[in-house]
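Biologist: I would like a close look at a single strand and its surroundings. Please start with the strand, then work outwards.

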Amino acid sequence: MSVSADKQEQFDAFFMIAHPLSVNVIPQDTALPDSDEFEALMPHAFKLAGQFSSADTSLLRSLKNLGDQADVLVEYFQAQAQKLDWMLSYILEQQDDPKYRHSTIKFGGAGMVVKLSRPMTVGDVAQLKLFVPTEHSAIFCYGEVIACEQVEDAYHTSFLFSRIRESDQELLVRASLHLQTQQLRARNQSTSTS
C-alpha cells in the first residue's frame, strides 16, 4: 500500500530536524478518533500542559506592553513560570510508558520519523505521546503511518499527525527551530575554534 501524494505533501510541508525525542507509540485497532473523541481521550496532564503554555504566553505579552516599569514583573513571572515548567515536566514524565517507548529520528510540525523494532503498515493509526524536554512539555496526538522502511535491524516509520491540537503543532515548530538554532551556534563555535 502506498501513501497518497496529498499526505506526503502534508508531511513535507513543515521543516523537520534530525533529533532524538522519546515517544510512546501505541498502535490502535480502531479508526482515527474524531475531534471530540480526541479531546475526550487526551490525558489530563497533556491538557494542563497546553493550558499552562498558552496562559504564560498571553500573560507575558500583556506585561511587555506596559513598557519599562513592567520589567520587574516580567522577571518575577518568568521565574514562577520556570518553576511550573519543572513541576509540569515531572508530571508529564509519569505519562511515559517504557513498554511503548521509542525514539524519534527526526520531527517537525507535520509529523515525525520513529525508529521501531517491528514494522507497521501504511495506513495504520497510532496514539502518540511525544516528550519535548527542551520545551518542558509533551504532546498527545494521533498519527497515521505513511511510510515504513527497514534500515538494518530497525524500521524507520513516518507518522503524519492526523489529530493534534494547533497549539501543540506550534510547540513542535518552535522546538524544531530552537534546536536548529542551537545546532547552528554549536557549529559556528566549532568552526571558529578550529
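What follows is a walk from one strand to its partners, the cores, the salt bridges and the surface.

Biologist: Take β5. Are its two faces covered or open, and which strands does β5 join?

Modeller: Keep in mind that this is a predicted model. First, the setting. The protein chain has five helices and seven strands. From the N terminus, the order of elements is α-β-β-α-α-α-β-β-β-β-β-α. The chain has 194 residues, and 37% of them count as buried.

Now β5 itself. This strand is mostly covered, with eight of its eight residues buried. Both faces are covered. One side carries V125, Q127, K129 and F131. The other side carries A126, L128, L130 and V132. Buried here means under 20% relative accessible area.

Next, the partners. β2 and β5 run antiparallel and are joined by six bridges. In that pairing, N24 stands opposite K129 of β5. N24 belongs to strand β2. N24 counts as buried because its relative accessibility is 0%. Its side chain also has a polar partner: the N24 side chain reaches the backbone nitrogen of D97 at 2.8 Å.

β6 is also joined to β5. These two strands run antiparallel, with eight bridges between them. Here L128 stands opposite C141 in β6. β5 and β6 form a hairpin, with four residues between the strands. In the turn, H136 has a positive phi of about 50°.

Now the cores. The largest nonpolar core has 23 residues. V25, M112, L130 and F159 touch the most other members. L130 is also one of the buried residues of β5. Several elements each supply at least two residues of this core: β2 (22-28), β4 (111-116), β5 (125-132), β6 (137-151), β7 (154-163) and α5 (166-193). Another core, of 12 residues, lies apart from the largest one. Its members include A45, A49, F131 and Y142. L130 and F131 are on opposite sides of β5. L130 is in the largest core, and F131 is in the other core.

Then the charges. The count of salt bridges comes to three. One of them involves β6, the hairpin partner of β5. K7 forms a salt bridge with E144, with the closest N and O atoms 2.7 Å apart. This pair links distant parts of the chain: K7 is in helix α1 (residues 5-12), E144 is in strand β6, and 137 residues separate them. K7 is partly exposed, at 26% relative accessible area. E144 is buried, at 15%.

R101 and D96 form another salt bridge, with the closest N and O atoms 3.0 Å apart. R101 is partly exposed, because its relative accessible area is 40%. D96 is buried, with a value of 18%. D168 pairs with R165, and their closest N and O atoms are also 3.0 Å apart. Both D168 and R165 are buried.

Last, the surface. L84, M87, Y90 and I91 make a nonpolar surface patch of about 380 Å². Y90 is found in helix α4 (residues 71-93). Y90 counts as exposed because its relative accessible area is 53%, and the cut-off for exposed is over 50%.

So, back to your request: β5 is covered on both faces, and it pairs antiparallel with β2 and with β6.

Conventions:
Residues numbered from 1 in each chain as written. Predicted model: local features only at pLDDT ≥ 70, side-chain atom pairs only at ≥ 80, totals over all residues. Heavy atoms only, no water. Patch = residues over 30% accessible without salt bridge, like charges linked within 9 Å, V, L, I, M, F, W, Y side chains within 5 Å. Areas by Shrake-Rupley, 256 points an atom, 1.4 Å probe, with all protein chains shown as cover. Salt bridge = Lys/Arg side-chain N within 4 Å of Asp/Glu carboxyl O. Buried < 20%, exposed > 50% of the residue type's maximum accessible area, 1.4 Å probe, protein only. Core = buried A, V, L, I, M, F, W, Y, C linked by side-chain atoms within 4.5 Å. Pairing = 2+ DSSP bridges. Polar contact = N/O pair within 3.5 Å; in protein donor to acceptor, adjacent residues only side chain to side chain.
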